[in-house]
Amino acid sequence: IVPRTLGSLGYTMNMPEEERYLMTKSEILAQITTLLGGRAAEIIKFGEVTTGASNDIERATKLARGMVTQYGMSETFGPMGLETQENQYLDGRNVFGGSDQSSALVDKEVRDILQQCEEEAIKLLNSNQDALERISAYLLEKENISVEEFMHLLKAA
C-alpha cells in the first residue's frame, strides 16, 4: 500500500508470488474480494461509502464481467463466450455478442458476484477487527506498508 498517488489517496499494488498466466475461478473471486476490501472497511468503520474505492470497483467489475462473458465461469451461461476482443493491437475493446436479454442477465450475474464478494470482504474484516485496527493505525502513522509488515501485524492481532 503506497500513499497519495496522483488523483487518489493511496494505491494497493498486488505483487504476484510467481509469474502466472492463468487464474482459477476461486483466485479471481478472491481478487475481487480483495479489491472490495477498502469499501468493506468503510462500511464497517463509517457506516457509509466514499468515492475512494472507485478504481477498485472498476477493476473488480472488469474481473467479474470477464468471468461471465469471456472465461466461461458463469452460472447462467456456462462455457458460452459472450464477448470478443476486437483487434487487440489497436483499441482492444471488447464487443458483446449477445442479445439485449442476455446483456441484462450478464449485468445481473456480475452484480451478484460483486455483492457476494463484498459480503465476504465484510465478513472477513468483521472477524479480524483487531487486525484491521492495528493495520489502520500503522498506515496512519507510516503511510506505507510492505507485505512483511502487513503479515506481522495480521499475525499479532
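**Figure 1. A salt bridge joins Glu75 and Lys25 in this predicted model****.** The closest N and O atoms of the two residues are 2.9 Å apart. Glu75 is found in the loop between H3 and strand S3 (83-85), whereas Lys25 belongs to helix H1, so the pair ties together parts that are 50 residues apart in sequence. Is Glu75 buried or exposed? Glu75 is exposed, because its relative accessible area is 65%. Lys25, with a relative accessible area of 31%, is partly exposed.

**Figure 2. Helix H1 carries several buried residues****.** The helix spans residues 25-35, and Ile28, Ile32, Thr33 and Leu35 are buried in it. When H1 is viewed down its axis, these buried residues fall within an arc of 160 degrees, so they line one face of the helix. What covers the buried residues of H1? The cover includes helix H2 (37-46), helix H3 (54-69) and helix H4 (100-126).

**Figure 3. Asp56 and Arg59 form a salt bridge within helix H3****.** Their closest N and O atoms lie 3.7 Å apart. The two residues are 3 residues apart in helix H3, and about one helical turn therefore separates Asp56 from Arg59. An α-helix has 3.6 residues a turn, so residues three or four places apart point the same way. Asp56 counts as partly exposed at 22% relative accessibility. Arg59 likewise counts as partly exposed, at 26% relative accessibility.

**Figure 4. A salt bridge links Arg65 with Asp107****.** In this pair the closest N and O atoms are 3.6 Å apart. Which helices hold the two residues? Arg65 lies in helix H3 and Asp107 in helix H4, so the salt bridge ties together parts that are 42 residues apart in sequence. Arg65 is partly exposed, with a relative accessible area of 24%. Asp107 also counts as partly exposed, at 39% relative accessibility. The model contains 9 salt bridges by the rule applied here, among them the pair of Arg65 and Asp107.

**Figure 5. Four residues make a nonpolar patch on the surface****.** Val147, Phe150, Met151 and Leu154 together form this patch, which has an area of about 300 Å². Leu154 is part of helix H6, which covers residues 147-156. How exposed is Leu154, and what is its relative accessible area? Leu154 is partly exposed, with a relative accessible area of 30%.

**Figure 6. The whole protein chain sets the close-up views in context.** The protein chain has 6 helices and 4 strands. How do these elements follow one another, and what is their order from the N terminus on? The order is β-β-α-α-α-β-β-α-α-α. The chain consists of 157 residues, and 25% of them count as buried. Ile28 and Ile32 of helix H1 are included among the buried residues. For contacts between residues at least 6 apart in sequence, 57% join residues at least 24 apart. About 11,000 Å² of the protein chain is exposed, and carbon and sulfur atoms supply 54% of this area.

Conventions
Residues numbered from 1 in each chain as written. Predicted model: local features only at pLDDT ≥ 70, side-chain atom pairs only at ≥ 80, totals over all residues. Heavy atoms only, no water. Patch = residues over 30% accessible without salt bridge, like charges linked within 9 Å, V, L, I, M, F, W, Y side chains within 5 Å. Areas by Shrake-Rupley, 256 points an atom, 1.4 Å probe, with all protein chains shown as cover. Salt bridge = Lys/Arg side-chain N within 4 Å of Asp/Glu carboxyl O. Buried < 20%, exposed > 50% of the residue type's maximum accessible area, 1.4 Å probe, protein only. Arc of directions from axis to C-beta. Contact = heavy atoms within 4.5 Å.
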